[in-house]
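Hi,

Here is the structure I said I would pass on. Have a look at it first, and then read on for what turned up.

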Amino acid sequence: GLWGALTALSPQDWEQRQEEDTLLIERILLLVRNVLHVPPDPTEEQGVDGDASVHDRVLWALHISGMDDLLKFLASAQVEQQWALHVLEIISLMFRDQSPEELAALGQGTAGAEHGEDTRELETLRQRELAEKRARALQRPSRHSRFGGSYVLQGLKSIGDRDVVFHKGLHNLKSYTHDLGKEPRRVPRHRQA
């Protein structure tokens with residue numbers, strides 16, 4: 001009907017509209033607000049549990065007609081700020097019977113399940129990565145210190161009056177000489193025997 005004609009207008013048409021078009025838009029918004037403002041009558045609405053109430057059926061009709069898209073356009077367009085209060089009132093009346101907790105729970109129904117599934121999947125991946133890291137650490141050869149200890153060889157004097165300090169492992173003690181660790185003197189080739 002009326003709002004079908006409004007949704008058919010392109011944004012350019014909206015910018016070039018006449019005064020009577022502005023009045024038509026305002027009348028339509030006021031009509032929608034007044035329809036949604038009608039309070040529920042429990043004596044009239046004696047349906048089976050789970051049946052859609054009259055308010056819900058009105059909301060569904062608004063959705064089918066595309067009026068909700070028009071309301072979103074009016075609410076978000078910078079040039080349509082003159083309708084902000086009408087749109088705000090209509091939206092508040094649309095959610096009149098809903099508590100904030102119910103709306104939040106509806107939004108989180110599937111999203112919450114998906115979020116929980118994503119969290120579990122991430123935790124599984126994290127555990128697998130930690131297990132792989134531990135396995136790599138176990139396979140890596142342990143770093144061995146080259147320091148085999150220091151030993152004092154009593155009875156074997158070094159330069160001066162002190163005992164020799166031996167910095168190699170004890171298994172190398174048999175091959176100990178005072179020249180251990182010194183660079184061998186190179187003899188020129190023509191002087192070699």
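I91, F95, L103 and L106 come together as a nonpolar patch on the surface. Their joint accessible area is about 360 Å². To find the spot, look for F95 in the loop between α6 and α7. With a relative accessible area of 43%, F95 counts as partly exposed, since that value falls between the 20% and 50% cut-offs. Please keep in mind that this is a predicted model, so to speak of "the structure" is shorthand.

Next, the helices. α3 and α6 pack with their axes 9 Å apart and at an angle of about 25 degrees. That angle makes α3 roughly parallel to α6, because anything under 35 degrees is counted that way. As for handedness, the crossing of α3 and α6 is left-handed.

How many salt bridges are there? The count comes to three, and I'll take them one at a time.

One of them involves the helix pair I just described: E89 forms a salt bridge with R33, and their closest N and O atoms are 3.5 Å apart. E89 belongs to helix α6 (residues 84–94) and R33 to helix α3 (residues 19–37), so this salt bridge ties together parts that are 56 residues apart in sequence. E89 itself is partly exposed, at 30% relative accessibility.

Another sits in helix α5 (residues 67–76), where D69 and K72 are three residues apart, or about one helical turn. The side chains of D69 and K72 meet at 3.5 Å, N to O. Is each partner partly exposed or exposed? D69 is partly exposed at 47% relative accessibility, whereas K72 is exposed, with a relative accessible area of 54%. The two values fall on either side of the 50% cut-off, which is why the labels differ.

The remaining salt bridge is in helix α7 (residues 100–139), between R126 and E123. Here the N to O distance is 3.1 Å. R126 and E123 are also three residues apart, again about one helical turn. Both ends are partly exposed: R126 has 44% relative accessibility and E123 has 37%.

If you want a place to start, try α3 and α6: you can look at how the two helices pack and then pick out the salt bridge between E89 and R33. After that, follow the chain from α6 into the loop towards α7, where F95 lies, and you will be at the nonpolar patch.

Cheers

Note on methods
Residues are numbered from 1 along each chain as its sequence is written. This is a predicted model: local features need pLDDT of at least 70, side-chain atom pairs count only at pLDDT 80 or more; totals for chains, interfaces and linings use all residues. Side-chain values use heavy atoms; hydrogens and water are left out. A salt bridge is a side-chain nitrogen of Lys or Arg within 4 Å of a carboxyl oxygen of Asp or Glu. Helices (H or I, at least four residues) and strands (E, at least two) are DSSP runs, numbered from the N terminus. Buried means under 20% relative accessible area, exposed over 50%, partly exposed in between (1.4 Å probe, protein chains only). Patches are made of residues with over 30% relative accessible area and no salt bridge: like charges are joined within 9 Å, nonpolar side chains (Val, Leu, Ile, Met, Phe, Trp, Tyr) within 5 Å. Accessible areas come from the Shrake-Rupley method with a 1.4 Å probe; for residues, only the protein chains shown count as cover. Axes are lines fitted to C-alpha atoms, for helices over the stretch in contact, and angles run from 0 to 180 degrees between N-to-C directions. Angles under 35 degrees count as roughly parallel, over 145 as roughly antiparallel, 65 to 115 as roughly perpendicular and the rest as oblique. A crossing is left-handed if the near helix is turned anticlockwise from the far one by less than a right angle, and right-handed if clockwise.
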